[in-house]
Amino acid sequence: MGHFIQYNLTGTTATSCFNSIYSFHMGFFFFLSGCVAALSCSNNTWQRFPSFLKKKSIQLLLPFLVWGGYFQ
């Protein structure tokens, strides 16, 4: 909805709606991802957290850094 308003509507109502959506949308997505992650965790997840963090760092951060241009 925010992208539609941003590129297709003009005026003060559209600006107010756009600003209100963009004032909370990232925090809301972080909250939802935390809820989903918490639901998917089992009791022994925290014992395996260091290996989980290492695996996700390699899977997500390494490609981000390489293709993001930070090592180029």
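**Exercise 1.** In this predicted model, determine whether Tyr-22 counts as buried, partly exposed or exposed.

*Solution.* The relative accessibility of Tyr-22 is 29%. Buried requires under 20% and exposed requires over 50%. Tyr-22 therefore counts as partly exposed.

**Exercise 2.** State how many aromatic pairs the structure holds, and classify the geometry of the pair formed by Phe-18 and Tyr-22.

*Solution.* The structure holds two aromatic pairs. In one of them, Phe-18 and Tyr-22 lie 4.4 Å apart, centre to centre, with 35° between the planes. Stacked applies to planes under 30 degrees apart and edge-to-face to those over 60; the Phe-18 and Tyr-22 pair is tilted. As to location, both residues belong to helix H2 (residues 12-22). They are four residues apart, about one turn of the helix.

**Exercise 3.** Classify the geometry of the pair formed by Phe-28 and Phe-29, and assign an exposure class to Phe-28 and to Phe-29.

*Solution.* The ring centres of Phe-28 and Phe-29 are separated by 6.3 Å, and the planes make an angle of 50°. This pair is tilted. Phe-28 has 41% relative accessibility and so counts as partly exposed. Phe-29, at 48%, likewise counts as partly exposed.

**Exercise 4.** Locate Phe-28 in the secondary structure, and identify which residues make the nonpolar surface patch that includes Phe-28.

*Solution.* Phe-28 is placed in helix H3, which covers residues 25-40. Patch residues need over 30% relative accessible area; Phe-28 has 41%. The patch is made by Phe-24, Met-26, Phe-28, Phe-29, Phe-30, Phe-31 and Leu-32. Its area is about 770 Å².

Notes. Residues numbered from 1 in each chain as written. Predicted model: local features only at pLDDT ≥ 70, side-chain atom pairs only at ≥ 80, totals over all residues. Heavy atoms only, no water. Patch = residues over 30% accessible without salt bridge, like charges linked within 9 Å, V, L, I, M, F, W, Y side chains within 5 Å. Areas by Shrake-Rupley, 256 points an atom, 1.4 Å probe, with all protein chains shown as cover. Salt bridge = Lys/Arg side-chain N within 4 Å of Asp/Glu carboxyl O. Helix = DSSP H or I, 4+ residues; strand = E, 2+ residues; numbered from the N terminus. Buried < 20%, exposed > 50% of the residue type's maximum accessible area, 1.4 Å probe, protein only. Phe/Tyr/Trp six-rings, centres within 6.5 Å; stacked < 30°, edge-to-face > 60°.
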